[in-house]
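Here is a short briefing on how one sheet is put together, strand by strand. Have the structure open beside you as you read.

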Amino acid sequence: MVGYIYDPIFTLHGSDEHIENRFRVETIHQVAQNFPLMRYPVRKATKEELKTIHEAHYVDWVERAYEEGYRFILNEDTLLTPKSFEVASFAAGSTMPIVDAFTRGEIRRAFLNIRPPGHHAERKTGQGFCIFNNIALMARYAQSQGFGKVAIIDFDVHHGNGTQDIFYEDDTVLFFSSHERNNYPYFTGSEEERGAGRGEGYNINKPYGDYCSDEEILRIYDDLPTWFEPDIVLVSAGYDLMKDEFISTAQITFDGLRGVIRKILDFAGDKPIAFLLEGGYNLESLGRSVEVTLEELTKFDTM
Ligand SMILES: [Zn+2]
């Protein structure tokens, strides 16, 4: 079986007028009904857990920001609504029941239909629709449960600057990101950003130009770092690289996406792998993209 996380709590943040809205997870949840998935209950991350990846003052600020009159983080990309702290705590915390299920050997693959997304959230601040860095918390929690070496693969069309920031000096968490060069967040994501200190060589950026084709992205995914030999693979699954999306010029088709997912599954081999929702804003394209992902995850799943 393939593990699955969803809960209506994820609809209670943000605004229906914002492109990162509740209809995204609701659309995906409809698609998920057609697959044999093992659903796990959500869990809220504690502030102490969030402080393993974010600076304490940022976590404390998010908790009280709405009450104090703040309505966004940095700018109106990242809204704060009455339940944002709670919903974001559930999005990050719900990664942990999946790690626990991996540890118990119940499942080896999972899809997490969660929001708000996380990969732009840095140690000091959220941004770019992201409040807390869900995949970073999952990586740290997995390490606490014995998965020593974590590979994070990020195929969202935007650079995962937050994940890069959190693990930049860390050689136990490898970060591999493919993304459109001339796109948000603009000032990070070059090939020269390779990590620092012990983490040098463990941060791998693969920026591409405008109008990225299937061939181009598939070539990038021929270069997954098999030398790292991870104990667990976590995927920032952002579907805004698809050709029908409106916030990039990338031209990836569903066949191209399927190829990318197969290469990532091959890279994971028999190690546990989890896909966490990041971007993807055209609901029709998003639904079909997750369908392709779940088709591949449930195929040849021997557990
Ligand atoms: Zn994105």
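β7 and β8 run parallel to each other and are joined over 6 bridges. Within this pair, F176 has I204 of β8 as its bridge partner. Please keep in mind that this is a predicted model.

**Strand β7 and its surroundings**
- Strand β7 covers residues 173-180, and because 8 of its 8 residues are buried, the rest of the structure largely encloses it.
- In a regular strand, side chains alternate between the two faces of the sheet.
- One side of β7 carries V173, F175, S177 and H179, the other L174, F176, S178 and E180, and all of these are buried, so both faces are covered.

**From β6 to β7**
- β6 pairs with β7 in the parallel sense, over 5 bridges.
- V150 finds its bridge partner in β7 at V173.
- On the way from β6 to β7 the chain passes through helix α7 (residues 161-167), making a right-handed β-α-β crossover.

**The β6 and β9 side**
- Strand β6 (residues 150-154) is also parallel to strand β9 (residues 232-237), with 5 bridges between them.
- V150 has I232 as its bridge partner in β9.
- Helix α9 (residues 254-268) packs on the sheet and touches β6, β9 and β10 (273-277), with its direction at about 160° to that of β9.

**The whole sheet**
- The strands belong to an open sheet of 8 with parallel pairing, in the order β2-β1-β5-β10-β9-β6-β7-β8.
- β2 (37-40) and β8 (203-208) are at the edges with a single partner strand each, so each has one side without a neighbour in the sheet.
- On average, neighbouring strands here are turned by 15° against each other, direction ignored.

Note on methods. Residues are numbered from 1 along each chain as its sequence is written. This is a predicted model: local features need pLDDT of at least 70, side-chain atom pairs count only at pLDDT 80 or more; totals for chains, interfaces and linings use all residues. Two strands pair if DSSP finds at least two bridges between them. Helices (H or I, at least four residues) and strands (E, at least two) are DSSP runs, numbered from the N terminus. Axes are lines fitted to C-alpha atoms, for helices over the stretch in contact, and angles run from 0 to 180 degrees between N-to-C directions. Two residues are in contact if their C-beta atoms, placed from the backbone, lie within 7 Å. A residue is buried if 20 or more other C-beta atoms lie within 10 Å of its own, exposed if 12 or fewer, and partly exposed in between; C-beta atoms are placed from the backbone. A crossover is right-handed if, with the strands pointing away from the viewer, the path from the first strand over the helix to the second runs clockwise.
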